[in-house]
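Subject: Handing over a structure, with notes

Dear colleague,

I am passing on to you the structure we spoke about, together with its sequence. Please look at both before you read my notes below.

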Amino acid sequence: AALVLLWWRGEKLRMGLALERAEQRVSALVEHFAWSSRFANDMVVLIDADGRILEANDRTVEAYGYSREELIGRSAFDARGASDAEVAEVRRNFALIMERGHLRYEALHRRKDGSPLPVEISSRRMNIGGIGQSWGVMAPAPSGAGGVAGDKSAAVKAEFLEWARMSPGER
């Protein structure tokens, strides 16, 4: 009986150490993921199944001109503009992301000050805890989304790239 008790205690200790190491690895991965998305050079958002913004990185906050507090909980459907056609297009794209699992497209968003923000969006559906969410990465649109064409597109992209490279204190 004493040998079984010693063996059991050893197994319990070994399993406890293995669990602790696994928890440390998970914690490190979560922290790494949080840092890499928060400080990415592209705009990154996490959107819930209802279209509400759950998280936005620093570039998103800077690009749109809203504070993080203003963005969190805000409907992603409001990014395009106030017209019914724009909202309907955003809803269609969101439904496609949730249905297909991914979508890459260009859109003309609006900053807080109303100025245009042409973006290329690459979104993927993620299931976290069995709940569907959308992970979106946005960058300046190469062709000037939303009908911005030719030289104006290049100028908008160059302006955005120059702005994105500045430190927050230079803006």
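What follows is an account of what was found, starting with the chain as a whole and then turning to particular strands, a pocket and a few residues.

Please keep in mind throughout that this is a predicted model. The protein chain has 171 residues, and 33% of them are buried. Its secondary structure comes to 5 helices and 5 strands, which follow one another along the sequence in the pattern α-β-β-α-α-α-β-β-β-α. Among the contacts in the chain with a separation of 6 or more, 41% are between residues that lie 24 or more positions apart. The chain exposes about 10900 Å², and 58% of that area is supplied by carbon and sulfur atoms.

The strand I would look at to begin with is β1, which covers residues 43–47; 5 of its 5 residues are buried, so the strand is largely enclosed by the rest of the structure. This holds for both of its faces, since M43, V45 and I47 are buried on one side, while V44 and L46 are buried on the other.

Strand β1 has two pairings to follow. With strand β5, residues 131–140, β1 pairs in the antiparallel sense over 5 bridges; within this pairing, M43 stands opposite M138, and V44 has V137 as its bridge partner. With strand β2, residues 53–56, β1 is joined by 3 bridges, and these two strands also run antiparallel, with L46 standing opposite E55. β1 and β2 form a hairpin that has 5 residues between the strands, and in its turn G51 has a positive phi of about 90°.

Strand β5 is itself mostly covered, as 8 of its 10 residues are buried. Besides its pairing with β1, strand β5 is joined to β4 by 10 bridges in an antiparallel arrangement, and one of the bridge partners here is I131 in β5, which pairs with I128. β4 and β5 make a hairpin with 2 residues between them, where G129 in the turn has a positive phi of about 60°.

A further feature to examine is the largest pocket, which holds about 360 Å³ of space. There are 27 residues in its lining, and those that lie nearest its centre are I47, A76, A79, H109 and M138. Several elements contribute, with β1, α2 (58–64), α4 (84–100), β3 (102–110), β4 (116–128) and β5 each supplying at least two residues of the lining. Sorted by class, the lining has 16 nonpolar, 7 polar and 4 charged residues.

Four single residues may help you find your way around the model. S134 sits in strand β5, and what is its state, buried or exposed? With a relative accessible area of 1%, which is under the 20% cut-off, S134 counts as buried. Leaving out residues up to four places away in sequence, S134 touches V45, L46, I47, F94, I97, M98, S123, R124 and R125.

One of those contacts, R125, belongs to strand β4 and counts as partly exposed at 32% relative accessibility. When neighbours within four places in sequence are left aside, R125 is in contact with I97, M98, E99, R100, G101, Q133 and S134. R125 and E99 are 26 residues apart in sequence, and their C-alpha atoms are 8.4 Å apart in space.

T60, in helix α2, is buried, with a relative accessible area of 2%. Apart from neighbours within four places in sequence, T60 is in contact with M43, V44, V45 and L71, and M43, V44 and V45 are among the buried residues of β1.

Lastly, L117 lies in strand β4 and counts as buried at 0% relative accessibility. L117 and A107 are 10 residues apart in sequence, with 8.3 Å between them in space, C-alpha to C-alpha.

If you have time for one part of the model only, I suggest tracing β1 with its two partners, β5 and β2, and then moving on to the hairpin of β4 and β5.

With best wishes

How values were computed
Residues are numbered from 1 along each chain as its sequence is written. This is a predicted model: local features need pLDDT of at least 70, side-chain atom pairs count only at pLDDT 80 or more; totals for chains, interfaces and linings use all residues. Side-chain values use heavy atoms; hydrogens and water are left out. Buried means under 20% relative accessible area, exposed over 50%, partly exposed in between (1.4 Å probe, protein chains only). Helices (H or I, at least four residues) and strands (E, at least two) are DSSP runs, numbered from the N terminus. Two strands pair if DSSP finds at least two bridges between them. Contact means heavy atoms within 4.5 Å. Accessible areas come from the Shrake-Rupley method with a 1.4 Å probe; for residues, only the protein chains shown count as cover. On a 1 Å grid over the protein atoms alone, a cavity is a set of points where a 1.4 Å probe fits but cannot get out, and a pocket is an open set with protein on both sides within 12 Å along at least five of seven lines; lining residues have an atom within 4 Å of a point. Grid points are joined across faces, edges and corners, and a volume is the space filled by probe spheres set on the points. Ala, Val, Leu, Ile, Met, Phe, Trp, Tyr, Cys and Pro count as nonpolar, Asp, Glu, Lys and Arg as charged, and the others, Gly among them, as polar.
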